[in-house]
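Student: Could we go through this one together, a question at a time? I would like to see the reasoning behind each answer.
Tutor: Happy to; here is the structure we will talk about.

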Amino acid sequence: MRDGIRKKLTDSIPELKKCCEPNVPTKDTPKPYAVVLQGDDTDNGEVVGFKRTIEVWLYEERTTFKNLDSLSDKVIKALDMQVIEDSKTNETFTCIFDGTIGQDTVDLEWDAIARGLRFNVIALHEESESYIDPWIEAVSNYINTIIDFPVYPNYWIKNFAVPSVLCRVLKSDLSPATLGANRVMKTIRCHFVSRDKSMANKFIDAVESQLIQDTKIPLDIADRRYLTISSIREDREADPFTMGQLSVDLFRLENIKKKNIPVMNKIYGRGSIKTS
C-alpha cells in the first residue's frame with residue numbers, strides 16, 4: 001500500500017525530490033521530500049469495515065510556509081478520493097483525506113519545516129461474496145436509471161469509485177396485514193460520495209425528486225411486483241461513509257405461505273339445523 005502511495009505522489013508532484021520510508025531521510029536529504037507512514041487496522045463497524053490510517057509527512061526548506069501550503073494542496077489533490085494501484089502487492093484502494101496532524105513543526109537541526117497529512121483507507125478485509133437483499137438490488141438498479149455511476153450493496157469496497165452510492169438495509173419489520181398477507185417494511189439507507197459536497201447534494205436531489213414522483217420501485221417487473229415508498233428522510237450533514245444521507249421507507253404485501261394441510265373429503269354430523 002505504501003509503495004502505491006509513494007509512486008502516486010512522485011508521479012503527480014514533480015517538485016518532490018523523494019518519497020520514502022521513515023528510516024531513509026537524513027538532514028542532508030534534498031528537500032522537499034515526503035515520508036509515508038502506515039498505521040494499524042481498526043474495526044469501524046459493518047459499513048466501513050476495517051480502516052487503516054496513512055500519514056504523509058512533508059519536509060520543506062526552512063524558508064516560508066507558503067511552499068508547504070502549496071505542496072500540501074497538491075498531495076491532497078493527488079490522493080483524496082483517488083483509486084490507487086500498488087503493483088507490488090497487486091491491490092487497489094481509495095484514499096480519504098482526514099485532516100492535518102497537529103501543528104506544523106520546525107526542525108532547526110535539519111533546517112526544515114514539516115507538516116503531517118492524515119488519510120484513511122477503508123474496507124480492508126472485505127468479503128469476496130455476500131448475500132444481497134433483493135430490495136437492495138432493486139433500489140440500486142433504480143438509482144442507476146437516474147445517476148449513472150457505481151452503486152454498492154451492503155458495505156464499501158476497498159477501491160470504491162468516486163462518485164458512487166452505497167445502499168444498505170437499516171432495519172426491517174414484518175407485521176400482519178390481512179388474513180392472507182403480511183406487510184413487509186424495510187428502511188434503506190443510501191450513502192452518496194463525491195469529491196464535492198454540492199455535487200453529492202445534487203445527486204441526492206435527483207434521486208429524491210424521482211422517488212417522490214414515482215412512489216414505487218420495481219422489484220420484479222416480469223412478475224409485476226413493486227416496492228411502495230412510505231416516507232423519505234434526509235440528513236445532508238451526515239457522514240457519507242459511516243451514516244449515509246438519505247433514508248427511504250419501503251413496504252409491500254407478501255402472501256402468507258400456507259402449510260401443506262390435507263383437504264377434508266367429508267363432514268359427518270347428527271341432528272338438524274332449524275331456521276326461523
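**Reading the model**

Tutor: Let us start with a polar contact: in this predicted model, a polar atom of the R168 side chain lies 3.2 Å from the backbone oxygen of M243.

Student: Is R168 buried or exposed, and what is its relative accessible area?
Tutor: R168 is in strand β8. Its neighbours in contact, leaving out residues up to four places away in sequence, include V47, I136, N154, H191 and T242. Buried means under 20% relative accessible area. R168 therefore counts as buried, with a relative accessible area of 12%.

Student: What is the strand order of the open sheet of 6 strands?
Tutor: The edge strands are β7 and β10, each pairing on one side only, so we can read the order from β7 to β10. The pairing in this open sheet is mixed. The order is β7-β8-β9-β12-β11-β10.

Student: How many bridges join β11 to β12?
Tutor: These two strands run antiparallel. Across them, R233 stands opposite S247 in β12. The number of bridges joining β11 to β12 is 6.

Student: Which helix packs on the sheet with its direction at about 130° to that of β11?
Tutor: Two helices come up here. α4 lies across β7, β8, β9, β10, β11 and β12, and runs at about 120° to β10. The other helix touches β9, β10, β11 and β12, and its direction makes about 130° with that of β11. That helix is α5.

Student: Which element gives the largest share of the largest nonpolar core?
Tutor: The largest nonpolar core has 26 residues, and those with the most contacts inside it include I143, V165, F192 and L250. Elements that each supply at least two residues of this core include β8, β9, α5 and β12. The largest share, 6 residues, comes from α4.

Student: Which residues does I143 touch, not counting those up to four places away in sequence?
Tutor: I143 is one of the residues with the most contacts inside the largest nonpolar core. With that sequence limit applied, the residues that I143 touches are V151, V165, C167, C190 and V207.

Student: How many residues are in the other core that lies apart?
Tutor: Among the members of this other core are C19, V36, A78 and L79. The number of residues in this core is 24.

Student: How many disulfides does the structure hold, and why is there no bond from C190 to C167?
Tutor: A disulfide is a covalent bond between the sulfur atoms of two cysteines. The cut-off for such a pair is a sulfur distance within 2.5 Å. C190 is buried at a relative accessible area of 1%, but its sulfur is 3.8 Å from the closest cysteine sulfur, in C167, so this is too far for a bond. The number of disulfides is 0.

Student: How far is the sulfur of C95 from the closest cysteine sulfur?
Tutor: C95 counts as buried, at 0% relative accessibility. The closest cysteine sulfur is in C19, and the separation is too far for a bond. The distance is 12 Å.

Student: Which side chains of β4 point to the buried face?
Tutor: In a regular strand the side chains alternate between the two faces of the sheet. Along β4, V83 and E85 point to one face and are not buried. The side chains that point to the other face, and are buried, are I84 and D86.

Student: Which residue in the hairpin of β4 and β5 takes a positive phi?
Tutor: 4 bridges join β4 to β5, which run antiparallel, and E85 has T92 in β5 as its bridge partner. The hairpin has 4 residues between the strands. One loop residue there counts as exposed at 70% relative accessibility and has a phi of about 55° although it is not a glycine. That residue is N90.

Student: Where is T215, and what is its phi?
Tutor: Most residues other than glycine have a negative phi, and most peptide bonds are trans. T215 is in the loop between α5 and β10, and counts as partly exposed at 42% relative accessibility. Its phi is positive, at about 65°.

Student: Which proline follows V162 through a cis peptide bond?
Tutor: A cis bond also runs from K31 to P32, with omega near 5°, and P32 is in the loop between β1 and β2. The bond from V162 is cis with omega near 5°, and its proline is in the loop between β7 and β8. That proline is P163.

Notes. Residues are numbered from 1 along each chain as its sequence is written. This is a predicted model: local features need pLDDT of at least 70, side-chain atom pairs count only at pLDDT 80 or more; totals for chains, interfaces and linings use all residues. Side-chain values use heavy atoms; hydrogens and water are left out. Buried means under 20% relative accessible area, exposed over 50%, partly exposed in between (1.4 Å probe, protein chains only). A nonpolar core is a set of buried Ala, Val, Leu, Ile, Met, Phe, Trp, Tyr and Cys residues joined through side-chain atoms within 4.5 Å. Contact means heavy atoms within 4.5 Å. Two strands pair if DSSP finds at least two bridges between them. Axes are lines fitted to C-alpha atoms, for helices over the stretch in contact, and angles run from 0 to 180 degrees between N-to-C directions. A polar contact is a pair of N or O atoms within 3.5 Å; within protein, one must be able to donate a hydrogen and the other to accept it, and residues adjacent in sequence count only if both atoms are side-chain atoms.
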